[in-house]
Amino acid sequence: ILWIMSGILETPNLLELQNKKLSVLYEIALTVGKSLDLRTILDDVLEKIITFMGVDGGVIYVINDETLELVPVSYRNISENVLRDLCDNRVRVGECMCGSIAEYDREVIIFNNASYDPRFTRDALRKEPKEFYAGLPLKAKGKVIGVLCVATRTPYSPDRELIDVLRAATVPIGLAIENALLFENTRKEAEAGMRYYNFEGIIANSPQMTEVLSLVRKVTNAPSSILIYGESGTGKELIARALHFNSIRKDRPFITVNCAAIPESLLESELFGYMKGAFTGAHSDKKGLFEAADGGSLFLDEVEAMSRGLQVKLLRVLQDRTFLKVGGTQPLTVDVRVIAATNRQLEEAVKLKEFREDLYYRLNVIKVELPPLRDRAEDIPLLVR
C-alpha cells in the first residue's frame with residue numbers, strides 16, 4: 001500500500017516536470033517565429049534556455065560562411081576577458097572546443113572539471129572557471145550553421161531528460177538562424193539592387209566616366225564575359241554591380257569573390273564546391289560559388305591572382321558552362337555571366353606566361369576601362385560633397 005501511494009504521489013510531480021520541459025520547447029518554438037532579427041531571436045532563446053536549465057551562462061555562435069568564423073551573436077554572463085577574446089579574435093571552424101563541435105558536427109557534454117579539458121585551447125577560455133559544459137551544433141538542412149554552448153561555474157548534475165530538451169531546442173534555433181540569414185541576405189540584395197539601379201550608386205560627371213557609363217549601359221544584357229580594368233579604388237566592383245542590377249539577371253544572385261584574398265588551395269573548392277569525403281574536413285557536400293550564382297553573375301576580382309591550374313578550369317566553364325566539383329565525377333551545368341576585374345594589364349601577364357592567352361580572350365570579350373581619379377579631377381567635388 002505504501003509503495004502504491006508513493007507512486008501516486010510521485011506521478012503528479014513527474015507530469016509537472018514533463019509539462020515544464022514541453023512548455024519550454026513550445027516557448028522557444030514561438031520565440032523563433034516572432035521576429036526575423038537574428039540577435040533579438042537568439043537573445044530571447046538563450047535567456048529561456050539558461051533559466052530553464054539553471055546554468056550560469058551561455059553563448060550562441062553563428063558561422064560566417066565566407067570567413068568560417070564563429071560569430072558570438074548572443075551571450076549571457078560571460079566574463080569581459082572571454083567576451084573580448086571571442087569578439088576581437090574570433091574562433092574559426094576547427095579551432096578550440098566550439099570550432100571542433102562545428103567542424104565534426106558532434107555535441108560535447110562535460111559533467112565535471114570542464115575547465116581542464118584540453119580541447120579548450122584558448123587561454124581566455126581555459127582560465128574561465130567551468131565545472132559543467134555542454135556544446136551542441138546548430139543545423140539547418142543538414143549543415144552546421146552555429147553552435148550553442150552553456151556552462152556552470154559550480155558542480156551541476158542535469159538529468160538525462162534535461163539534456164534531451166537542450167538537444168531538441170537546437171532544431172528550432174537552427175531553423176531560426178537560417179530564416180534570419182535568408183531574410184538578411186534578401187534585404188541586402190534588394191538594397192543593393194535599388195542602389196545600383198540606374199547607376200545611382202556611381203558618383204561621376206566627367207567626360208571620361210560619362211563615356212564609360214554609356215558603354216556599360218549598352219552591354220548590361222550582353223551574355224558575354226566582361227573584363228573591367230582599373231587601378232585600385234577606381235570602382236570596379238561598383239561597375240560590376242551596376243552591370244548586374246541593370247540587366248535581365250538582376251533578380252538572380254550577384255556573388256563576388258576576391259581571387260587574391262583566398263589561398264590557392266581553398267579557391268578551387270570555393271568556386272566549384274566539393275563532395276563529401278573529397279579531403280580531410282569535407283564532412284558534407286558543399287555548393288560552390290558558380291553553382292550558387294546560377295542564373296546570375298559571378299564577379300571575379302583580382303582575377304590575375306588565379307593559378308594557371310585554376311585558369312584551365314575557369315576556361316572550361318566559360319567555354320561549355322560545365323565543371324566538376326572537387327572530388328566529383330558528375331559534370332554540373334550552370335548559366336552564369338562572369339564579370340572579371342583586374343588592376344593589371346593582362347596583355348603583359350600573357351606575354352610573361354603568367355596568364356593563359358586563351359582565357360584572356362574569353363574574359364576580354366567586352367572590356368570596360370576605368371580612369372583613375374587623377375584623370376577625372378572634375379569628379380572630386382562631387383565625391384567630396
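**Exercise 1.** In this predicted model, is glutamate 128 buried or exposed? Then work out which parts of the chain its salt bridge with arginine 153 ties together.

*Solution.* Start with accessibility: glutamate 128 has a relative accessible area of 17%. The cut-off for buried is under 20%, so glutamate 128 counts as buried. Next, look at the partner: arginine 153 comes out at 40% and is partly exposed. The closest N and O atoms of glutamate 128 and arginine 153 are 3.9 Å apart, and the limit is 4 Å, so the pair makes it as a salt bridge. Finally, place both ends: glutamate 128 sits in the loop between helix H5 and strand E4, arginine 153 in the loop between strand E5 and helix H6, so the bridge links parts 25 residues apart in sequence.

**Exercise 2.** Which elements does the salt bridge between aspartate 43 and arginine 76 tie together?

*Solution.* First the contact: N and O come to 3.9 Å at their closest in this pair. Now the addresses: aspartate 43 is in helix H2 and arginine 76 in strand E2, so the bridge spans 33 residues of sequence. Both ends are partly exposed, with aspartate 43 at 22% and arginine 76 at 24%. One last step: shared partners join Asp43, Glu47 and Arg76 into one network.

**Exercise 3.** How many disulfides does the structure hold?

*Solution.* Zero. Take cysteine 96 as a check: its nearest cysteine sulfur, on cysteine 98, is 6.7 Å away, while a disulfide needs the sulfurs within 2.5 Å. Cysteine 96 is buried all the same, at 6% relative accessibility.

Technical notes: Residues numbered from 1 in each chain as written. Predicted model: local features only at pLDDT ≥ 70, side-chain atom pairs only at ≥ 80, totals over all residues. Heavy atoms only, no water. Buried < 20%, exposed > 50% of the residue type's maximum accessible area, 1.4 Å probe, protein only. Salt bridge = Lys/Arg side-chain N within 4 Å of Asp/Glu carboxyl O. Helix = DSSP H or I, 4+ residues; strand = E, 2+ residues; numbered from the N terminus.
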